[in-house]
Structure formats: C-alpha cells, structure tokens
Amino acid sequence: MKEINYKDMTFNPFNLIGGEWMLVTAGNEQTGCNTMTASWGHLGCLWGSNDPTAIIFLRPSRYTKTFVDREGYFTLCVMDKSFKKQMAYLGSVSGRDEDKIEKAGLTPVYADHSVYFEQAKLVLICKKLYQSELQESGFLYQETIDKNYAQRDYHTMYVGKIEKVLVRDDEYLKV
C-alpha cells in the first residue's frame, strides 16, 4: 500500500459506496477489532477548511458500532470484486458470534491509530469528528421511516476527517 493525497484521487463516489461496497472497521491491537459491510455513506468536504470527510451510518444493533463508538478512528476499506462473497458474509454475520474476519480470510493491519485490511485496494483512514443519532423528528417523509426504520432503530451518523488515503495500485489515481 502507498499513501496518496486525496486531491489526486479519481472515482465515482456513488459507485464506490453503493456499488463496490466498503468495510467499516474500528478497533485496536490490544482489544481487537470488528468490521461490517456498508453500502450507505457519503464522501465530501465539510466545515471551513473543506477537509475531506467521510460520513457513515451504523444501526444500534451492529457490533461494529461498539468499536466505532470506543475508538477515535475508523477506516473504510474497498476490496476487489473477487471479495464480493466475503463482503456479503461480513455484512450478514455478527462478530459477536464468531471471528468473521479470520473466516473471511482477511489480515488486519494496525497502524495510524486504526485498523484496516492488507487485502484492501483502497483505505480511507478517518478521525472521528462528530456523531449523532438520527432523530425521527428530522425526517420529512413518513415513507422514509416506514421503509428504512420499521423497528425505529435509527442509525447513528459519524463524520470522520479523512486523514490518510492508501492505495494498492493506481486504479483510483488521476492519470
């Protein structure tokens, strides 16, 4: 993996998040880590200096939320298409019940106050800046609640400053 400047990246964020999916991961070497597949999120700039940011959303029931809440950093890892089966598995099995990272064949790398996976093709290392639970009163359309929150298990939103971008090859770099 090599570090690059976020300004040198080129990709479609809608495809990256909604199409390729990501792994949201947090933890540390002493107490362990957990990961989950995510296909919801945002990438952009926020707050004054237009620092690059990532916004993720985690339901209260997700074990990964415990790790993201506890740690000051989280990572977003994009994997090759050859990992689609593992990505589906990581999004459907809880790390409370088994070592799903090992079963998926992933190798954690602990660095830069965070954890990511050796097999990732793109890693965004994010310092947590803000978190807040989504509130029912903030939704403008009842159908959004009915479709996404039948159990009223609203996501917590996390805003992270992207402090480092790592790539395995030049797939996401401007030519």
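## Exercises on charges, rings and burial

Lysine 161 is partly exposed, because its relative accessibility is 27% (buried: under 20% relative accessible area; exposed: over 50%; partly exposed: in between; 1.4 Å probe, protein chains only). The model is predicted: local features need pLDDT of at least 70, side-chain atom pairs count only at pLDDT 80 or more, and totals for chains, interfaces and linings use all residues. Residues are numbered from 1 along each chain as its sequence is written, and side-chain values use heavy atoms, without hydrogens and water.

**Exercise 1. Find the salt-bridge partner of lysine 161 and place both residues.**

Step 1. Lysine 161 pairs with aspartate 51; their closest N and O atoms are 3.9 Å apart (salt bridge: a side-chain nitrogen of Lys or Arg within 4 Å of a carboxyl oxygen of Asp or Glu).
Step 2. The two come from distant parts of the chain, 110 residues apart: aspartate 51 is in strand β5 (residues 51-58), lysine 161 in strand β10 (residues 156-167). Helices (H or I, at least four residues) and strands (E, at least two) are DSSP runs, numbered from the N terminus.
Step 3. Aspartate 51 has 24% relative accessibility, so it is partly exposed.
Step 4. Searching the whole structure gives 12 salt bridges.

**Exercise 2. Examine the salt bridge between aspartate 69 and lysine 65.**

Step 1. The N to O distance is 2.8 Å.
Step 2. Both residues belong to helix α2; they are 4 residues apart, about one turn of the helix.
Step 3. Compare burial. Lysine 65 has a relative accessible area of 12%, so it is buried. Aspartate 69 has 32%, so it is partly exposed.

**Exercise 3. Classify the ring pair of tyrosine 63 and phenylalanine 67.**

Step 1. Apply the rule: rings of Phe, Tyr and Trp (its six-membered ring) pair if their centres lie within 6.5 Å; planes under 30 degrees apart are stacked, over 60 edge-to-face, the rest tilted.
Step 2. The rule yields 5 aromatic pairs.
Step 3. For tyrosine 63 and phenylalanine 67, the ring centres are 5.0 Å apart and the planes meet at 90°, so this pair is edge-to-face.
Step 4. Why about one helical turn between them? They sit 4 residues apart in helix α2 (residues 63-70).
Step 5. Tyrosine 63 is partly exposed at 25% relative accessibility, whereas phenylalanine 67 is buried at 5%.

**Exercise 4. Is threonine 35 buried or exposed?**

Step 1. Locate threonine 35: strand β3 (residues 32-38).
Step 2. Its relative accessible area is 0%, so threonine 35 is buried.
Step 3. Its side chain reaches the backbone oxygen of valine 24 at 3.1 Å.

Terms used
Polar contact = N/O pair within 3.5 Å; in protein donor to acceptor, adjacent residues only side chain to side chain.
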